[in-house]
Amino acid sequence: MKIGDWVIKKGNNKHLSLQVNFISLSDFQIEGVLVSQEKNDDPQIEIISGDNLKDVLKEIPANIPVSVNIDGKGIIHKIHNKPVAHEKVITSVLPYASEEEYEYQVFEFNKNQILYSIIKKTQLQQIVKEIQEEGLHLISLSFGPAPLKELFKDNTGELTEISTGRFCIKHQTDDLISIEENKLIAEEVTFKGNTYNPAQQVAYANSLSINVDGYYFSNPSFCEKGKSELKFKFFSRIVFLGSLGLLFVVLLINFLIFSDLSEEVGNLEVVYQSQVSQLDKLESKENEFQKKDKFYRNYGLRKSFEVSRYSDIIASKIPSRIKLDQMVIFPLTGKVKLHKAIETESSKISLLGETSNDQIFNSFLNQLDSEEWIHKVQVKNYINNKDVSLFNIEVEITKAE
């Protein structure tokens, strides 16, 4: 059983199952059972009957699941020995019938016996509307003798054959359940201590399962609303009870915490006072660090350390065919003048040297330019002689602080 079906069945201790038998296209007779079960007790069965659906439903508690089986005038059945395509079901049962006027049910009793049933939509909508108006939740719809198959699932040998008048359902020794058309007179049967007339047999069988094996209904939307409402009600109740339980646990925890709070506060006060002196020491160290950091920044020492590290990396990448004559970190921006501060190019390194191979030199420039920590590589001067070329390039560092 799916979790949603379990919630619908087990989350409610009452379940109403009705068998509606149309004696004309608008009038019908109702037979049903109200199944009540508390925890692990045996189910209690209350027989219900009447000829007015609203009067019958007024005696039923609101917000319980309802299963409905419909038969009688206007419901047509036909047994086929092989499956029929869904789009051809209605005409296979009633030739030339309009698909707009009918809903249909497919019920597989076994691989060679499939019961196809059709019903006028107006008849079906009449029943569904009255059930929903009474605040009940429709969870299952079936037509004709189909649900009787469920009686044999929990059979202890009491039943081997059930006759509905038009059909005879048989339970054979190999667990094969078969259906045959006949004209036998339907009789009452006794099952698990309760006696049921033919209509009540179908109603009781219909209450045993929400999703019967081998069953297909052409328009499941009739039951989806009722199922969704019951699931929501069940889970809402669980959430409410869970919230109450959680609230109780929270209040209990708060009480236990509060009872020890005064002692804990005293202990924390002692710890706090012991940490005050440590915090003062840390603050003193922090101030000392800030002063040193400011000194390094003002005089460019941190920047020098960073650029010097990158200059070592650049030197290690110089190919053997390139001769480095001079590397200048922080090159001057201009001439040194008396009584004026010396100005340098921050975060820059100048490389002066010579090369005997232009291709190797260009490859070296591209390698430098591809490094993430180099912002820009600029050739300041390049003199191409016959045997050797002189160069002056400037590298600007990105990550220098």
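**A small-volume cavity and a four-stranded sheet**

The second largest cavity has a volume of about 40 Å³. Here a cavity is a set of points, on a 1 Å grid over the protein atoms alone, where a 1.4 Å probe fits but cannot get out; the points are joined across faces, edges and corners, and the volume is the space filled by probe spheres set on them. The model is predicted, with local features needing pLDDT of at least 70 and side-chain atom pairs pLDDT 80 or more, while totals for chains, interfaces and linings use all residues. Residues are numbered from 1 along each chain as its sequence is written, and side-chain values use heavy atoms, without hydrogens and water.

Two cavities of 30 Å³ or more are counted by this rule. Around the second largest one lie K348, K376, V377, Q378, E394, V395 and E396, each with an atom within 4 Å of a point. Strands β17 (374-384) and β18 (389-397) each give at least two residues to this lining; strands are DSSP runs of E, at least two residues, and helices runs of H or I, at least four, numbered from the N terminus.

Turning to the sheet, four strands in the order β5-β7-β6-β14 form an open, antiparallel arrangement, where pairing requires at least two DSSP bridges. Because β5 (76-80) and β14 (215-217) are at the edges with a single partner strand each, one side of each has no neighbour in the sheet. Five bridges link β5 to the antiparallel β7 (residues 113-120), and K78 sits opposite Y116 in β7. Helix α4 (residues 121-133) packs on the sheet and touches β6 (102-110), β7 and β14, contact meaning heavy atoms within 4.5 Å.

Terms used:
1 Å grid on protein atoms, 1.4 Å probe; cavity = no way out; pocket = protein on both sides within 12 Å on 5 of 7 lines; lining within 4 Å. Axes fitted to C-alpha atoms, helices over the stretch in contact; angles between N-to-C directions.
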